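Reader: I would like to learn how to read the features of a folded chain, one at a time, with a general idea before each case. Could we work through one structure in that way?

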Amino acid sequence: MYLRERLSADMSRTLATLLIFSLSSGVLGGILFYIDSTGPYVLSEMSQNDPVHMKMEFTDYFYEQSQVGTQEILSAVQTQEGVQHAEHLLLIDGNHERLYRNEEFQRYVYMGVQNTYFDSFRESIILSEGAMPLNVNGCYLEKSIFAQTGASIGDSHKVTIVARQGGFLDVEFESRTFEIMGTFESRGLWGQYELNSGEKLPILKAILSFQGMKEKFSFLEEGYRVKLTDHIWTRFSGSFLRHSEPTQAELTLRSARYQIEQRTAPWAIVSEFAALGIVRSYSSWQSSMMAIAISFSIPTIFMGILLVYYSTKLLSDRLRRDVGMLRVRGASMRQALWWVISSTIVTGFLGAIGALVTGIAASLLSGSVRGFFIFDISGGTGFQLLLRLDSLAAVFLFSFALGFIVSTASTIRVLLMQPSKAHREIEQETSLEEDISNPIPEVIVAGISGVLSLQLLLLIGQGTFSGWYTPALLVVFFGAFIVSLTRLLSRATGWLKCKIMDRVNHPLLRVGSKIVGRNAAAKIRSEAIGVMFIAMVFTACTFSAIASTTGTKQIQQLKAFEIGGDIVAEARPRLSNVTVDFTNVLEDIEGVGRVSAMLAFDARVIYRTVGPYATINHDRVITVCGVQPEAWASTAFFEPYFTKTMTPDAALAAIEENQTKVISSFKPVFGYNVAADNSYSPLYGSTLGLRFPLYESILNVSIVDIMSVSEDPDSTTYFPGEPDKVDFIIMHLDLLHQMVNSTKVSKFYMKLGQGVNYTRVMDDVLESAPHSFTSIRSALEATDEILQSRASRSIHGIYTLNVLFSIIYLSIGVSIIASDKNNLYKKQFSVLRALGSEQRVIQGLMTIDMLMSIAIAAAIGIGVGLLISTMIAGTPLMYLGITITISWTRLPVSISLPTLLFALIILLSFIVPLVSTYIVTTRSTKKGIAEELQAAV
């Protein structure tokens, strides 16, 4: 019989095998294709932090000659392979650290650019709407400076530089007047600097036209404090930056830099090369993400392997029959081998093609995910699939090799098996007990691989690795840990089921339960593998749900702690008209629920510490923050552990009742307690003295609680909105106002209503006092920027993919397991039916048997999932790829679980196998009793 006829003779079985082969690598294909496709988006996001990839400065040699012009240097850069944009610009960079009389001129930069600059480096500068093109007499003014000066578009503005500086008072300024053509906001160019008053000013103050700066500041030559310098800024194309191998990407960039320097030497040199840092960050993200995604998908991938194993096992009887028939008819060993392997090759090839299609569909599905099981069709429409040849080959070969090796191994084993041994194996499958391996090797493997996996996770999570071998080792050890631990915990399944079934005393189920229980005890290895397969589903679902939810919650808390609340507005330090009364104006804004004011003021704190050998009197400067206790408790971000002895609400309520009580970052030591073993333990006091500039007397206050981990001055503190502040005292705002004889405030905390548009509220806050705030920040905005980034969404896509494929594997795998068990119990159930047992009794027995397997597997899988989640909770692997400004562990990481969604997933994980078992058992029991008995003999 030809191969095509043989495959089409049992089309249903062939299609089922093709489906299993196709799904076996679905998760792997989805991961590889999705990470390849999402890479350009992530690279683009990373590039926004450094919009200028390479900066070049002209040397003194260039200005001392006249043969080579700027256009020749620019052309040499533009013609370099990989360069997407190159712009020639002029800079005036003033850095005068000793200039105290005019603090705003300590640091300043002016740019002279062509109008094409804003297209070449659009991520670096955001122009205001309606900004007119620059001309010789025009300029763009930085947005905050524009608001501070109260200017209007079209007004004149003086661009001032420090021409000469002899001493503290010997300073000469030069100014040129330009017309304001619009405003801009800088992203990452030079940043800000802080004045002595605490006010922050942007370093890049104005942007002029290239020709205008060249004409009006051409006098800046020898003898002047600043110079007019030429620069070339370059941006490489995304395709030039992307490489599959990190080392190759670095070599390509270094080669491009060397070629540019050779062409432009000695007239220009590379002063900054940010592209190398971008590529290193992207390569680290790509390799780390690949390793983490595959490692975290080990349960799902292993389920695919078990599916192929079960499928092959289910076909073992037919394989023996076909081989036996061929040998009886005189076929040689080689002919029999090719007879079976030829169909396996074709099935494996077609299944590998199906695996590619499944992987592509899975990656497209992941592209539409913006949160765990949260699908955004609009986000998915902008997602473009990128298929790389190496990823396609990897998925194809993995799927083909998986099916071919498993099937061929069984084939060769059958061909080499003697008839007597085959007889014994058949008898063993139906009646004799199975042996199970010694658990000691599994314990050793689980212990060693678990420890090594934890160390590798820490290395990758902190970015302290290089090369491909660290991610590869993580996949190996993490996979070994999950598989060995799950297998180890599944060993007792047969014994547990036997004990439970022995306790069933219902008249209709008593005999059948004994059969099921004793078979479970006899088939201990098969029961362990079956439960291990189902446990992998619960492991994948539990870990994915916990990891995604915990990562999201941690990011939300970190951003809320970093900024301080829903919206926090900082007032300009020099203004005295921003008072507590302004809270009423802010509370009138639609969507604002509550507002609290704060004043930060430097005072002197006086206290005494008593040590075991000396007593020290302290008189030092400390930041005193005056708050409205009740309002601050409801507007700022607080967690119960922010204070040590009581909750933040209770501590602030105590300050509200008694204004002489404070919350501090430390407590003074007033003595030591000596134990019987002569060890010392400090005794902390609760009294401090505060001295303010306008009062000679000391204000004595008592510490009601500390907002830190311990009483020590260098302990970790928890100040919402000030994550780096380590030394402070929080007191009642009214009392602080009395001490400083002022009503001004420095910061407002705002709590928004549920579902309020924070962007609109931020605009309304700015409009309420256009020139009064240095910054208006929102924790909600910062969190959304992270959650909407492609780097963040990629991990959610992997987690969602794991759960979806786990449930699909579960439905197919349980059907195979149920079919295998029906074949195992065929003789016993046929006898029961012959003795008068009803069909529903058989179905009930199989359902109870499967329900016990699911319950045991759920306990194992959920336990392993919790263990894995706990292992990596201290590293940002749950949210790999996210750039945060404060450490992932700055706040304790607490395990979170989406209760409702997780309950639905677990419920589905119970329903799907039970329905599959019912369907398979129903089909099996519909056959005639005589036919079943004849087939079972």
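Author: What follows takes up the chain as a whole, then charged pairs, a helix, a strand, a surface patch and some backbone details.

Reader: What kind of model is this, and how many helices and strands are in the chain?

Author: This is a predicted model, and the chain contains 33 helices and 25 strands. Of its 937 residues, buried ones make up 51%, and the accessible surface of the chain comes to about 42,000 Å², with 56% of that area belonging to carbon and sulfur atoms.

Reader: Among contacts between residues at least 6 apart in sequence, what percentage joins residues at least 24 apart?

Author: For contacts in the chain chosen in that way, 80% join residues at least 24 apart.

Reader: Let us turn to charged pairs. How many salt bridges does the count come to?

Author: Side chains of opposite charge can pair when their charged atoms come close. With a cut-off of 4 Å between the side-chain nitrogen and the carboxyl oxygen, the count here comes to 14 salt bridges.

Reader: Which residue forms a salt bridge with glutamate 272, and where do the two partners lie?

Author: Glutamate 272 pairs with lysine 55, their closest N and O atoms being 3.8 Å apart. This pair links distant parts of the chain, since glutamate 272 belongs to strand β12 (residues 268-272) and lysine 55 to strand β1 (residues 54-58), 217 residues apart. Glutamate 272 is partly exposed, at a relative accessible area of 44%, whereas lysine 55, at 14% relative accessibility, counts as buried.

Reader: And are arginine 491 and glutamate 442 buried or exposed?

Author: Arginine 491 and glutamate 442 are both buried, and their side chains meet in a salt bridge at 3.5 Å, N to O. Here too the pair links distant parts of the chain, with arginine 491 in the loop between α19 (469-489) and α20 (493-502) and glutamate 442 in helix α18 (residues 439-461), 49 residues apart. The pair is also part of a network of salt bridges that links Glu442, Arg487 and Arg491.

Reader: What does the salt bridge between aspartate 619 and arginine 604 tie together?

Author: The side chains of aspartate 619 and arginine 604 meet at 3.0 Å, N to O. Aspartate 619 is in strand β17 (residues 615-627) and arginine 604 in strand β16 (residues 592-610), so this salt bridge ties together parts that are 15 residues apart in sequence. Aspartate 619 is partly exposed, with a relative accessible area of 39%, and arginine 604 counts as partly exposed at 33% relative accessibility.

Reader: How should I read a helix, and which residues of helix α5 are buried?

Author: An α-helix has 3.6 residues a turn, so residues three or four places apart point the same way. In helix α5 (residues 70-78), the buried residues are Ile73, Leu74, Ala76 and Val77. These residues cover an arc of only 155 degrees around the axis, which puts them on the same side of α5.

Reader: Why is strand β10 described as largely enclosed?

Author: In strand β10 (residues 204-209), six of the six residues are buried, so β10 is largely enclosed by the rest of the structure. Strand β3 (residues 107-113) pairs with β10 in the parallel sense over five bridges, and valine 109 stands opposite leucine 204 in β10. Strand β5 (residues 138-142) pairs with β10 in the antiparallel sense over three bridges, where cysteine 139 has leucine 208 as its bridge partner in β10.

Reader: Which residues form a nonpolar patch on the surface?

Author: The patch is formed by Leu900, Leu904, Leu907, Ile911, Val915, Tyr918 and Ile919, which together have about 690 Å² of accessible area. One of these residues, leucine 907, is found in helix α32 (residues 899-925) and counts as partly exposed at 48% relative accessibility.

Reader: Finally, the backbone: which residues does a cis peptide bond join, and what is the phi of tryptophan 190?

Author: A cis peptide bond joins alanine 265 and proline 266, with omega at about -5 degrees, and proline 266 lies in the loop between α10 (246-264) and β12. Tryptophan 190, a residue other than glycine, has a positive phi near 70 degrees; tryptophan 190 lies in the loop between β7 (171-186) and β8 (192-194), and counts as partly exposed at 24% relative accessibility. Asparagine 741 likewise has a positive phi, about 55 degrees, although it is not a glycine. The place of asparagine 741 is in the loop between α26 (733-740) and β24 (747-752), and at 63% relative accessibility asparagine 741 counts as exposed.

Methods:
Residues are numbered from 1 along each chain as its sequence is written. Side-chain values use heavy atoms; hydrogens and water are left out. Helices (H or I, at least four residues) and strands (E, at least two) are DSSP runs, numbered from the N terminus. Buried means under 20% relative accessible area, exposed over 50%, partly exposed in between (1.4 Å probe, protein chains only). The arc is that of the directions from the helix axis to the C-beta atoms. Two strands pair if DSSP finds at least two bridges between them. Contact means heavy atoms within 4.5 Å. Accessible areas come from the Shrake-Rupley method with a 1.4 Å probe; for residues, only the protein chains shown count as cover. Patches are made of residues with over 30% relative accessible area and no salt bridge: like charges are joined within 9 Å, nonpolar side chains (Val, Leu, Ile, Met, Phe, Trp, Tyr) within 5 Å.
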